[in-house]
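Here is a set of questions and answers for working through a protein model step by step. Please look at the sequence and the structure first, and then read on.

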Amino acid sequence: MTPALHLFLIVSAALFCIGLLAALSRRHAIFILIGIEMMLAAANLNFIAFWRFGPQPQQPIGVMVAIFSIAIAAAEAAVGLALVLAVYRHYRTTNVDQLNQLKG
Amino acid sequence: MNSVAFILIAILTLAAALAAASLPKLIHAALSFAVTFVGVAAFFFLLGAEFVGLVQIFVYIGAVAVLIVFTILLTGRDAGKDRGFNWGGVAIAIAVFGGLIWAILKTQPLSIAAPPIEALTVRRIGEALMTSYVWPLQCVGVLLTAALIGALILVMNEER
C-alpha cells in the first residue's frame, strides 16, 4: 500500500522546517544557501505528492512544475555561490554577522 | 513493503537534513546535504516520478553539491568552525513546524490511497514540454543563460 498523502506532507513540512532552521540560525552564508535549497526541495516534494494523490494524476502538471522549480533552484544556487565568492574576495569573510556595512 | 521503504527513506532524509543544519564543519554539512537530496530523489521514485528523481540527482548531486564543495574550498580560511548559533531560529522553526503539522492534520485527505496510473515515461514528459509547456521551457532557458552570465560576471569582475 502506498503511504497516504499526509505522511508525505508531514515529511516535507519537517524538511522545510529543518531548512528554515539552517537558514535562520547558522551564521555562515553557505549554510544559509543550503537551508534555502532544502526548503525548495520540500516544496518540490509537496508538488509531486499532490500530483500523485490529486484528482488528475494522468496529466503531468506537478511533474512539470517540479522540473521547472529544480531548474530555477539550480540557477539560484549558482548565482548565490558566486555572490558568496565575490563577498569573500571583498571582505575576507563569509560570516553574515560581520557583513554589516549597510547597517543603520 | 512500500511503507517500510517510506519509513527508511524518511529517516535517512530527515537525519541527513538535521546533520546538514547542525554539523559544525562546513564540509560535513555539504556531504549531508548531498545525502538529503538522495533521500528526496528516492521519495520521487517512490511516488512514481522517476524522471524528476533522476533530474534531482543530476542537478543537485552532480552540480549544486560540487559547486558548494568548491565554494567551501575557495573560501577555505574562513571555513573552520561556525561561530555562534542563533537559538531564536530554532524557536521559529519549531513554531512553524507546529503550525504546519496542525494545518496538515486538520485537513481532509483528497484520497486515502494513490490511484493507479500508467507510467510517466520520458516520451510523455518530452511531448508535454514541447507542446503545452514550450513557453515556460523557453523562459527557463533564458533564465539559465542570464544566471550563468551573471554568475560569471560576479566572479570575474575583481580579477583586473
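Q: Is helix H1 of chain A largely enclosed or not, and how many of its 21 residues are buried?
A: A residue counts as buried at under 20% relative accessible area, as exposed at over 50%, and as partly exposed in between, using a 1.4 Å probe and protein chains only. Helices here are DSSP runs of H or I with at least four residues, strands are runs of E with at least two, and both are numbered from the N terminus. H1(A) is largely enclosed by the rest of the structure, because the number of its 21 residues that are buried is 17.

Q: What basis do these values have?
A: Residues are numbered from 1 along each chain as its sequence is written, chains are lettered from A and ligands numbered from 1 in the order in which they are written, and side-chain values use heavy atoms, with hydrogens and water left out. Local features need pLDDT of at least 70, side-chain atom pairs count only at pLDDT 80 or more, and totals for chains, interfaces and linings use all residues, since the basis is a predicted model.

Q: How far apart are the end C-alpha atoms of helix H1 of chain A?
A: The expected span of a helix is 1.5 Å times one less than its number of residues. For the 21 residues of this helix (residues 5–25) that gives 30 Å, and the distance between the end C-alpha atoms agrees, being 30 Å.

Q: How many aromatic pairs does a search of the whole structure find?
A: Rings of Phe, Tyr and Trp (its six-membered ring) pair if their centres lie within 6.5 Å, and planes under 30 degrees apart count as stacked, over 60 as edge-to-face and the rest as tilted. Over all chains, the number of aromatic pairs found is seven.

Q: Which class does the pair of B:Phe6 and B:Phe43 belong to?
A: B:Phe6 lies in helix H1 (residues 2–22) of chain B and B:Phe43 in helix H2 (residues 26–46) of chain B, 37 residues apart, and both are buried. Their ring centres are 5.6 Å apart and their planes stand at 55 degrees, so the pair is tilted.

Q: Which class does the pair of B:Phe37 and B:Tyr60 belong to?
A: B:Phe37 lies in helix H2 of chain B and B:Tyr60 in helix H3 (residues 50–74) of chain B, so the pair ties together parts that are 23 residues apart in sequence. B:Phe37 is buried, with a relative accessible area of 1%, and B:Tyr60 is buried, with a relative accessible area of 1%. With 4.2 Å centre to centre and 10 degrees between the planes, the pair is stacked.
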